[in-house]
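Thanks for coming. I will go through one model this morning, a few residues and one helix pair at a time. Please keep the sequence and the structure in view.

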Amino acid sequence: MPQPPDSPSPRFYGGAASWPPEQSVGYLMRKVMTSIRTQADAQLAAHDLTYAQWVPLFKMSRCPSGPSTVAGLARELETDPASMTRALDRMQAKGLVVRERSAADRRVVHVALTPEGQRVAAQVPAVLGEVLDRHLSDFSHDEWQQLLGLLRRMLANGEAQRQQTCPPNP
C-alpha cells in the first residue's frame, strides 16, 4: 500500500556498499529485459530481423497516423540518430521502409513502412507475446497484475522525481 505523502520514503538500499547488485531492482530489470530481447531476437531471426530493426518496425506499426522522422524514432527508442540511420539503411535495403526528405525542411527525413514492412511488423507482437508469456510462465493472473501495478508505481515515482529535479520549461 502506498505511503501517505507526508511520511518519509523508506530506504530499502541504504548505502551503496550494503547490498549486492543481484538484489538491485535495476540490475534485475536489466537482466530480465536482456533475456526478453535475446529470446525475441532468436525468434525474429527467422524473419531476418535484429533487435535494431524489429523495435523501430514495431514502433512504426503502432503509429499508423503517418510517417515518423528518423530523429523522432531515435528519440523515442532512446538511441542516437546515427544508429537509427544505420538500422534504417538495412531495413530499406530489405524493402521494409521508405525514407523521404521533408519538402518543408530538408534536414528532416520521414520514414514509413512499406507494405512488406507492415507485413513483417505484424508478426512482431505475436513473437513478443510468446516470449513474455514464457517469462511469466509460472505466474498466476493475480501475480501478473500485481507485477504490472508495481512497475507502474515505480514509473510514477520516477516521473514524480524527474518533475521535482527537472521542472518543465515555462
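**Thr114 and its surroundings**

Thr114 is buried, with a relative accessible area of 12%. Buried here means under 20% relative accessible area, exposed means over 50%, and partly exposed is in between, with a 1.4 Å probe and protein chains only. Before going on, the ground rules: this is a predicted model, where local features need pLDDT of at least 70, side-chain atom pairs count only at pLDDT 80 or more, and totals for chains, interfaces and linings use all residues. Residues are numbered from 1 along each chain as its sequence is written, and side-chain values use heavy atoms, with hydrogens and water left out.

Back to Thr114. You will find Thr114 in the loop between β3 (109-113) and α5 (115-121). Helices (H or I, at least four residues) and strands (E, at least two) are DSSP runs, numbered from the N terminus. The side chain of Thr114 reaches the backbone nitrogen of Gly117 at 2.9 Å. That is a polar contact, meaning a pair of N or O atoms within 3.5 Å; within protein, one must be able to donate a hydrogen and the other to accept it, and residues adjacent in sequence count only if both atoms are side-chain atoms. Leaving aside residues up to four places away in sequence, Thr114 touches Gly95, Leu96, Val97 and Val98. Contact means heavy atoms within 4.5 Å.

Another threonine next. Thr69 sits in strand β1 (residues 68-69) and is partly exposed, at a relative accessible area of 23%. A polar atom of the Thr69 side chain lies 2.9 Å from the backbone nitrogen of Gly72. Which residues does Thr69 touch, not counting those up to four places away in sequence? They are Val108, Val109, His110 and Val111. With His110, the C-alpha atoms are separated by 4.3 Å, although the two residues are 41 apart along the chain.

Now the helices. The axes of α2 (residues 51-61) and α4 (residues 81-93) come within 9 Å and cross at roughly 85 degrees. Axes are lines fitted to C-alpha atoms, for helices over the stretch in contact, and angles run from 0 to 180 degrees between N-to-C directions. That crossing makes α2 roughly perpendicular to α4, a label for angles of 65 to 115 degrees. On the α2 side we have Ala52, Gln53, Pro56, Leu57 and Met60, which meet Met84, Ala87, Arg90 and Met91 in α4. The residues of this contact divide into seven nonpolar, one polar and one charged.

Helix α2 also carries an aromatic pair, Tyr51 and Trp54, three residues apart and so separated by about one helical turn. The structure holds one such pair. The ring centres of Tyr51 and Trp54 are 5.5 Å apart and the planes are at 85 degrees, so the pair is edge-to-face. Rings of Phe, Tyr and Trp (its six-membered ring) pair if their centres lie within 6.5 Å; planes under 30 degrees apart count as stacked, over 60 as edge-to-face and the rest as tilted. Is each partner buried or exposed? Tyr51 is partly exposed at 37%, whereas Trp54 is buried at 7%.

Last, the loops. Asp48, between α1 (25-44) and α2, has a positive phi near 60 degrees without being a glycine. Glu78, in the loop between α3 (70-76) and α4, has a positive phi of about 55 degrees and is not a glycine either. Glu78 counts as exposed, at 75% relative accessibility.

Methods:
Angles under 35 degrees count as roughly parallel, over 145 as roughly antiparallel, 65 to 115 as roughly perpendicular and the rest as oblique. Ala, Val, Leu, Ile, Met, Phe, Trp, Tyr, Cys and Pro count as nonpolar, Asp, Glu, Lys and Arg as charged, and the others, Gly among them, as polar.
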